[in-house]
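Reader: I have a model open and want to learn how to read it. Where should I begin?

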Amino acid sequence: MEIVARLQEVRERIAQAETRAGRKPGGVQLLAVSKTFPASAVREAYHAGQRLFGENRLQEALEKMPQLPSDASWHLIGPLQRNKIRKAVESGVSLIEAVDSLRTAETISRIAGESNKTVSLLMEVNIDGEGSKHGFAPADLYAAWEQLMALPHLEIRGLMCIPAPVSDAQQARPSFAALRELAERLRVRGGLPMPVLSMGMSHDYEVAVEEGATEVRVGSFIFGDRTYPTVLS
Ligand SMILES: *Cc1c(COP(=O)(O)O)cnc(C)c1O
């Protein structure tokens, strides 16, 4: 199948999942995850109407961004190394999705402040408590919340997660529900609107939408199998 047909299929399935969940269709952003794929593939998606793209590595994003029209927007979804923070803030990506420590958030805020910017970001949550994974433990995010909210040059737009691998997408449902509930608790506590829940990938995005995702990150279903592995955060 071609990229254009796959995009169409994902959009339809998202709308169906919204309807099943009693949500109004149109409330979910599709992030086309283009990591490892060439700019030509991204342009193909662009010509099929897709405008929002996700890259895992900053360097790869910086290489592709100038090769697409300027109304494409880009989210950085991979872990951000501390020595790349300045570059990320200056890169023109519209959302940094995988902020996983107070220290990183503080550094982003400080660097953004130097050029009078506000940086939009999501907090990554290690929702299943996996030892090897990036992300805040839910309790740690809750504990750090006041300090995070006080950082002046950040707009914390919401939460993202990558659940533990499962064989059946339905098994990820409790993890998605847990992220939604954590976001609700943080909203009540802080009064920040935090409208974004970034959850769901190629194999489980429909379940994520049923559980309240406002953004799904779909890569291989749209672009095909990646020929070399990338490390998930
Ligand atoms: C690669 C990646 C995706 C997309 O995964 P697919 O299974 O190809 O849809 C989503 N989120 C993150 C953080 C990723 O690194």
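**Reading the ligand site**

Author: Begin with short polar contacts to the ligand: a backbone N or O atom of Ser220 lies 2.7 Å from an oxygen atom of the ligand. Keep in mind that this is a predicted model.

Reader: How much of the ligand does the protein bury?

Author: Compare the ligand taken alone with the ligand in place. Alone, the ligand exposes 390 Å², and the protein buries 96% of that.

Reader: Which atoms of Arg217 and Gly219 lie 2.8 Å from the ligand?

Author: Check whether side chain or backbone is involved. For Arg217, a polar side-chain atom lies 2.8 Å from a nitrogen atom of the ligand. For Gly219, a polar backbone atom is 2.8 Å from an oxygen atom of the ligand.

Reader: Which residues around the ligand come nearest?

Author: There are 13 residues around the ligand, and the nearest are Lys35, Asn56, Ser202, Ser220 and Arg226. By class, the shell around the ligand divides into 6 nonpolar, 4 polar and 3 charged residues.

Reader: What lines the largest pocket?

Author: Read a pocket by its volume, then by its lining. The largest pocket holds about 250 Å³ of space. Its lining consists of Asn56, Arg57, Leu58, Gln59, Pro79, Leu80, Gln81, Lys84 and His134. Of these lining residues, 3 are nonpolar, 4 polar and 2 charged.

Reader: How many helices and strands are in the chain?

Author: The chain has 9 helices and 8 strands. Its radius of gyration is 17 Å, close to the 17 Å that the globule rule gives for 233 residues, so the chain is as compact as a globular protein of that length. Along the principal axes, its C-alpha trace spans about 45 × 40 × 35 Å.

Terms used:
Residues numbered from 1 in each chain as written. Predicted model: local features only at pLDDT ≥ 70, side-chain atom pairs only at ≥ 80, totals over all residues. Heavy atoms only, no water. 1 Å grid on protein atoms, 1.4 Å probe; cavity = no way out; pocket = protein on both sides within 12 Å on 5 of 7 lines; lining within 4 Å. Points joined across faces, edges and corners; volume = space filled by probe spheres on them. Nonpolar A, V, L, I, M, F, W, Y, C, P; charged D, E, K, R; others polar. Near = heavy atom within 4 Å. Polar contact = N/O pair within 3.5 Å; in protein donor to acceptor, adjacent residues only side chain to side chain. Areas by Shrake-Rupley, 256 points an atom, 1.4 Å probe, with all protein chains shown as cover. Helix = DSSP H or I, 4+ residues; strand = E, 2+ residues; numbered from the N terminus. Rg over C-alpha atoms; globule rule 2.2 N^0.38 Å.
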